[in-house]
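Please look through the structure shown here, and then follow the questions and answers below, which go from the whole chain down to single side chains.

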Amino acid sequence: MLPVFKKSIFSDYRLIFGIYFLATLFASVRIVGWEGSNNYSIFYHSLYHLLDGKSLYATYPAEYSDHYHYAPTFAALFAPVFALPYSAGLFFWHFLFAGVWVYAVYRLPLTHSQKVFAYWFGLQELFTSLVNSQTNPLIAAVPIFAYLSFEKRQPLWAAFFIVLGFNIKIYSAVAGGLFLLYPQKGRFLLSLLLWAVVLGLLPLLLTSPEKLLWQYDLWVKQLLIKSDHDKWANTSIHRLMHVFVSPDIPGTAIIGAGVLLFCTVYANIRRFHERTFRLLLLASVLIFQVIFNPVAESPTYITAVTGVLCWWFVCPQTALDRALLVACFVLTVLSPSDVFPPFLRNEFVLPYALKALPCVLIWFRVLYLMLQRNTDFKEEHSLYG
């Protein structure tokens, strides 16, 4: 850890949380007062479309551009927020998701100085997501809550968080890969089924069974359309492969290769008992669900950056690791911000999807560390004790 964070005003949670509050307040005031939010408009109107029995997935140009891509459950889950007056809901929306992410990091089994580092490192990336009124801070927090539930031997709640994430963004289902490292697998799978039914039927509080079945059919079709998105309009390993290798590589092949690589670490059964190994798998989950998403955008990277932080605290922190972390901070975190030179962003970062590159390299580094036979890079007491 950097010494400056060990004993200084910068390590005081009151200062850190105060800055997060002010950053969130600035984002909310700016969006509510001046810019508006197309994303929140999509979320907001979804409740009323569900109540009125209208298609959630049709176009409504008078209300917003683009499409609603979430499960019907999403509209029901956030009904208390969407039921507020538009401006009030939009204002509190940012505080809800910023607070969830801050709390998730706080709950991670890290030392005080490590959490402080995580908060300062992730501040700009969280702000990038907030100013787009995205759900991504919650998507970053969900695997953490699932991981913490598994660690406490609470498969019921682990299943809840995984199903919750799936109903917001389907790539959150990757967090289900954590369950193989823990006991009570049968109980987890039964809990998964239970929560899938409960959350899947939640919209029945707002609509009829016939309409809900229709909405789910439309949702599946919408997901298939979205997965066929323009391959040049994403920030992920897909774009990197199409730019630097070949534009003809199918997205399904890239995802398939990613899944196979992700699963190779399960061969290292002897290390399942190590907390460091399990935290690395959490890092892999968080990064994977962004870099292999064929429609990943810049605001989604709060999830990947959270995974990078999980990796950083258990990696050997060699010169290579430090270089990767710096590259992540510069290209992934800072490149969308005003402090980054516009010329470099417009001529290099955006055309070549360089925001994704450090996270992709770090993910491969995570796999390498997990495939090692022995833990020779971080003693468990240094991370958790």
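Q: What percentage of the 385 residues in the protein chain is buried?
A: This is a predicted model, and every value here is computed from it. A residue counts as buried when its relative accessible area is under 20%. Among the 385 residues of the protein chain, the share that is buried comes to 54%.

Q: How many helices and how many strands are there in the protein chain?
A: The secondary structure of the protein chain contains no strands, since their count is zero, while the helices number 18. The radius of gyration of this chain is 21 Å, close to the 21 Å that the globule rule gives for 385 residues, so the chain is as compact as a globular protein of that length. The answer is therefore 18 helices and zero strands.

Q: Which elements are included in what covers the buried residues of α8?
A: Helix α8 runs over residues 155-168, and its 14 residues should span 20 Å at 1.5 Å a residue, which agrees with its end C-alpha atoms being 20 Å apart. This helix is mostly covered, with eleven of its 14 residues buried, among them F160, F161 and I162. The cover over these buried residues includes α3 (72-77), α7 and α9 (185-201).

Q: Why is the pair of Y20 and Y119 edge-to-face?
A: Planes over 60 degrees apart count as edge-to-face. The ring centres of Y20 and Y119 lie 5.8 Å apart with their planes at 70 degrees, so this pair is edge-to-face.

Q: How many residues apart are Y20 and Y119?
A: Y20 belongs to helix α1 (residues 13-35), whereas Y119 belongs to helix α6 (residues 112-130), and their pair links distant parts of the chain. Y20 counts as buried at 5% relative accessibility, and Y119 counts as buried at 0%. Along the chain, the two are 99 residues apart.

Q: What is the centre to centre distance in the aromatic pair of F262 and Y266?
A: F262 and Y266 are both buried. Their aromatic pair is edge-to-face, with 70 degrees between the planes and a centre to centre distance of 6.3 Å.

Q: The charged end of which residue sits over the ring of Y106?
A: A charge can also sit over an aromatic ring, and one such case has the charged end of K211 over the ring of W214, 4.9 Å from its centre. Over the ring of Y106, at 4.7 Å from its centre, sits the charged end of K115.

Q: How many residues apart in sequence are the parts that E151 and R278 tie together?
A: The side chains of E151 and R278 meet in a salt bridge, with 2.6 Å from N to O, and both residues are buried. E151 lies in helix α7 (residues 136-151) and R278 in helix α13 (residues 275-291), so the parts that this pair ties together are apart in sequence by 127 residues.

Q: With which residue does R365 form a salt bridge?
A: The salt bridge of R365 links helix α17 (residues 357-370) to helix α15 (residues 319-334), with the two partners 44 residues apart. Both partners are buried, and their closest N and O atoms are 2.8 Å apart, the partner of R365 being D321.

Q: Which residues are joined into one network by salt bridges that share partners?
A: The count of salt bridges comes to eight, and one of them joins E274 to R271 at 3.1 Å, N to O. Where salt bridges share partners, they join into one network the residues E151, R275 and R278.

Definitions and conventions: Residues numbered from 1 in each chain as written. Predicted model: local features only at pLDDT ≥ 70, side-chain atom pairs only at ≥ 80, totals over all residues. Heavy atoms only, no water. Phe/Tyr/Trp six-rings, centres within 6.5 Å; stacked < 30°, edge-to-face > 60°. Helix = DSSP H or I, 4+ residues; strand = E, 2+ residues; numbered from the N terminus. Buried < 20%, exposed > 50% of the residue type's maximum accessible area, 1.4 Å probe, protein only. Lys NZ or Arg CZ within 6 Å of the ring centre and 35° of its normal. Salt bridge = Lys/Arg side-chain N within 4 Å of Asp/Glu carboxyl O. Expected span 1.5 Å × (residues − 1). Contact = heavy atoms within 4.5 Å. Rg over C-alpha atoms; globule rule 2.2 N^0.38 Å.
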